[in-house]
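The following exercises are to be worked with the sequence and the coordinates at hand. Each task is followed by a solution in steps.

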Amino acid sequence: IESDDFAGKTIIPFATSGSSSISNAGKELQETYPGLKWQKGRLLNDATKEDIKKWTKK
């Protein structure tokens, strides 16, 4: 984020984690980089290839 230009782009965070959610990370990213366009992130635990394909086509 710090070394690239994300102007005009939408950023959608994602994570894989066995024990925590993504909600706090998403909140912290938005607070740290308020000038960027964010969409709600998603935790992809146990996601299949098909799940990821569906999610990225939205």
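**Exercise 1. The aromatic pair**

Determine how many aromatic pairs the predicted model contains, and describe the geometry and the setting of the partners.

Solution. Step 1: with a limit of 6.5 Å between ring centres, the count is 1 aromatic pair. Step 2: the partners are Phe-14 and Trp-55, with ring centres 6.2 Å apart and an angle of 75 degrees between the planes. Because planes over 60 degrees apart count as edge-to-face, the pair is assigned to that class. Step 3: Phe-14 belongs to strand β2 (residues 14–15) and Trp-55 to helix α2 (residues 49–56); with these positions 41 residues apart, the pair links distant parts of the chain.

**Exercise 2. Burial of the two partners**

Classify Phe-14 and Trp-55 as buried or exposed.

Solution. Step 1: the cut-offs required are under 20% relative accessible area for buried and over 50% for exposed. Step 2: Phe-14 has a relative accessibility of 55% and therefore counts as exposed. Step 3: Trp-55 has a relative accessibility of 18%, so this residue counts as buried.

**Exercise 3. The surroundings of Lys-37**

Locate Lys-37 in the secondary structure, assess its exposure and list its contacts beyond four places in sequence.

Solution. Step 1: Lys-37 lies in strand β3, which covers residues 37–38. Step 2: its relative accessible area is 53%, so Lys-37 is exposed. Step 3: once neighbours within four places in sequence are set aside, Lys-37 is in contact with Lys-9, Thr-10 and Ile-11. Step 4: Gly-8 is separated from Lys-37 by 29 residues in sequence, while the C-alpha to C-alpha distance is 7.4 Å.

**Exercise 4. The chain as a whole**

Summarise the secondary structure, the dimensions, the contacts, the surface and the charges of the protein.

Solution. Step 1: the protein has 2 helices and 4 strands, arranged along the sequence as β-β-α-β-β-α. Step 2: its C-alpha atoms fill a box of roughly 30 × 25 × 20 Å along the principal axes. Step 3: of the contacts between residues at least 6 apart in sequence, 71% join residues at least 24 apart. Step 4: buried residues account for 16% of the 58 residues. The exposed area is about 4900 Å², of which carbon and sulfur atoms supply 49%. Step 5: there are 10 positive and 8 negative side chains, and the centres of these two sets are 10 Å apart.

How values were computed
Residues are numbered from 1 along each chain as its sequence is written. This is a predicted model: local features need pLDDT of at least 70, side-chain atom pairs count only at pLDDT 80 or more; totals for chains, interfaces and linings use all residues. Side-chain values use heavy atoms; hydrogens and water are left out. Rings of Phe, Tyr and Trp (its six-membered ring) pair if their centres lie within 6.5 Å; planes under 30 degrees apart count as stacked, over 60 as edge-to-face and the rest as tilted. Buried means under 20% relative accessible area, exposed over 50%, partly exposed in between (1.4 Å probe, protein chains only). Contact means heavy atoms within 4.5 Å. Accessible areas come from the Shrake-Rupley method with a 1.4 Å probe; for residues, only the protein chains shown count as cover. Lys and Arg count as positive and Asp and Glu as negative; His and the chain ends are not counted. The place of a charge is taken as NZ of Lys, CZ of Arg, CG of Asp or CD of Glu.
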